[in-house]
Amino acid sequence: MTTMSTGAVLVLGGARSGKSRFAEGLVLGTGLSRHYLATGRAWDDEMQARIDKHREDRGPLWNTIEEPLDIVSTLEVIDGPANVVLVDCLTLWVTNLMMDEGRDLRAEFERLKAHAATARARIVFVSNEVGLGIVPENRMAREFRDHAGRLHQMIAEVANEVYFVAAGLPLKMKG
Amino acid sequence: MTTMSTGAVLVLGGARSGKSRFAEGLVLGTGLSRHYLATGRAWDDEMQARIDKHREDRGPLWNTIEEPLDIVSTLEVIDGPANVVLVDCLTLWVTNLMMDEGRDLRAEFERLKAHAATARARIVFVSNEVGLGIVPENRMAREFRDHAGRLHQMIAEVANEVYFVAAGLPLKMKG
Amino acid sequence: MTTMSTGAVLVLGGARSGKSRFAEGLVLGTGLSRHYLATGRAWDDEMQARIDKHREDRGPLWNTIEEPLDIVSTLEVIDGPANVVLVDCLTLWVTNLMMDEGRDLRAEFERLKAHAATARARIVFVSNEVGLGIVPENRMAREFRDHAGRLHQMIAEVANEVYFVAAGLPLKMKG
């Protein structure tokens, strides 16, 4: 088990790479009061069932918060040295911001970066690396991966640790 | 030349990353009796020509076996301490299983994992990492990358060594 | 700041991974006379504006050369021990070669590899890793990622250093 240092951590990985499970292990290792900030939205019953299943798997020792958009405000409310927060995941947050007309994504990213740099709670951010395939033909998909890539760079800059997870195995990129 | 330890090895990489060549080097380094388990199917003459060319390139010291589906049964037949097997590749196996109606992929994966954990022959599994691009719009493609990601985690768990290959260069993730 | 050794360097990364900024840092660290070889073509005013903005951002101490196709000839002209060249990027070069009918890409790649192996100037090649997503349905896209993957292996073979950049963080693969 890798032990998590103080400050923010970024866990990047592909689809079904085991990144969330690795991030959960980091959270458990802290011994702090656990909060799970889910950015995913239940679009249908199947998605809701999956979310419920994940919550059940994590067990009763987690405080689960669902917030698709205003995650910085949520993080501010639970910011304290006795807390650890798992934010799962940043890429869904980016998607939600893009769907919510009129959002200034740069400003949102800066606000999250500023919070991550100074938070008293420990925060583990999980996110999908999506920029290692062919350039998507769809314009929205291209914009999405540009936003995601920029956000990863910003959070990695202030994070104390950054991991890249593949096949369930973490590779330490920073820290 | 990296020397291969005992047990199973997983070599992950992208398209044209040099993963198969790296895996072949691991096999040659063992000095054991070489078996090549090809999971790819020749759909047309062009594909058949490519398979024949690869076989010729490997030379006569390899025993080549073509098995698109029941690779565990094949591995059981050639399981012995004097043998080393290159399985090329797991992602094609997943594709073949998905095309073969009625297969229980979870059960197939568990069976392969159990074999890999206890095999007396050395086995080098080659597979494509496919989860680092944008979420595919095609449902089958999404299911495929979910299956592939899960299988990679399962094999990595029991493998003694795991490599990620890019630009022909191996990065050791485990071992 | 990572210091660059003599010889060629390959910097691989995904979209918006921070690879170009990392490569620029390597170039600045050499203290040599800086050349920027841009392989991108301005297809429209928006692209031209972006190119102009990048050039302005780099500042007046860079000699910018735009060459979409014959980059080896260009590199030969500026080959000297007082120079460092940033080639940004190889994937655009591959695209341009594919669009330019009748080009023998293997021969072009061999010529670039031979130059990189013996150049007196230091050269930093930036390129997109594009082979870690789902197999593209588009045939041209499949050919493109095959070409890119082969070129990366060839340049990595003669490079003194190879980096994989994610979230702005470099991972040394070679050197």
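Biologist: What makes the one pair across the interface of chain B and chain A a salt bridge?

Modeller: In this predicted model, the side chains of Arg16(A) and Asp146(B) come to 3.2 Å, N to O. The rule asks for a side-chain nitrogen of Lys or Arg within 4 Å of a carboxyl oxygen of Asp or Glu. Arg16(A) and Asp146(B), at 3.2 Å, meet that cut-off, so the pair is called a salt bridge. The rule finds one such bridge across the interface of chain B and chain A.

Biologist: And how many residue pairs are in polar contact across the interface of chain B and chain A?

Modeller: Seven residue pairs, with both residues at pLDDT 80 or more. On the chain B side, strand S1 (8-13), helix H6 (139-158) and strand S7 (169-174) each supply at least two of the residues that touch chain A. H6(B) gives the most to that side, with seven residues.

Biologist: What makes up the side of chain B that touches chain A, by class?

Modeller: That side has eight nonpolar, five polar and six charged residues. The contact itself takes 19 residues from chain B and 23 residues from chain A. Between them, chain B and chain A bury about 1600 Å², and carbon and sulfur atoms give 66% of that area.

Biologist: Let's turn to the other neighbour. How do you know that a salt bridge joins chain B and chain C?

Modeller: The same test applies, with Arg16(B) and Asp146(C) as partners and their closest N and O atoms 3.2 Å apart. The limit is 4 Å, so a 3.2 Å pair of this kind counts. One salt bridge is found across the interface of chain B and chain C, along with seven residue pairs in polar contact, both residues at pLDDT 80 or more.

Biologist: Which elements of chain B each supply at least two residues to the side that touches chain C?

Modeller: They are H6, strand S6 (161-166) and S7 of chain B. H6(B) gives the most here, with three residues. By class, this side of chain B has 11 nonpolar, eight polar and four charged residues.

Biologist: What is the area that chain B and chain C bury between them, and which three residues of chain B supply the most of its part?

Modeller: The buried area is about 1600 Å², with 66% of it on carbon and sulfur atoms. Arg16(B), Ala167(B) and Leu169(B) supply 39% of the area that chain B buries against chain C, more than any other three residues. This contact takes 23 residues from chain B and 19 residues from chain C.

Biologist: Why is the relation between chain B and chain C called that of a three-fold axis?

Modeller: Look at the operation: a rotation of 120 degrees, with 0.0 Å of shift along its axis, superposes chain B on chain C with an RMSD of 0.0 Å. That is the relation of a three-fold axis. In chain B, Gly133(B) has the C-alpha nearest the axis, 2.5 Å from it. Chain B can also be laid on chain A by a turn of 120 degrees and a shift of 0.0 Å along the axis, again with an RMSD of 0.0 Å.

Biologist: One last element, helix H2 of chain B. How do you know that its span is close to the expected one?

Modeller: H2(B), residues 45-58, has 14 residues and reaches 20 Å from its first C-alpha to its last. At 1.5 Å a residue, 20 Å is expected, and the two values are close. Just after H2(B), Gly59(B) takes a positive phi of about 90 degrees.

Technical notes
Residues are numbered from 1 along each chain as its sequence is written. Chains are lettered from A and ligands numbered from 1 in the order in which they are written. This is a predicted model: local features need pLDDT of at least 70, side-chain atom pairs count only at pLDDT 80 or more; totals for chains, interfaces and linings use all residues. Side-chain values use heavy atoms; hydrogens and water are left out. Contact means heavy atoms within 4.5 Å. Buried area is the accessible area (1.4 Å probe) that two parts lose on being put together, summed over both. A polar contact is a pair of N or O atoms within 3.5 Å; within protein, one must be able to donate a hydrogen and the other to accept it, and residues adjacent in sequence count only if both atoms are side-chain atoms. Helices (H or I, at least four residues) and strands (E, at least two) are DSSP runs, numbered from the N terminus. Ala, Val, Leu, Ile, Met, Phe, Trp, Tyr, Cys and Pro count as nonpolar, Asp, Glu, Lys and Arg as charged, and the others, Gly among them, as polar. Copies are superposed by least squares on the C-alpha atoms of residues with pLDDT of at least 70 in both. The expected span of a helix is 1.5 Å times one less than its number of residues.
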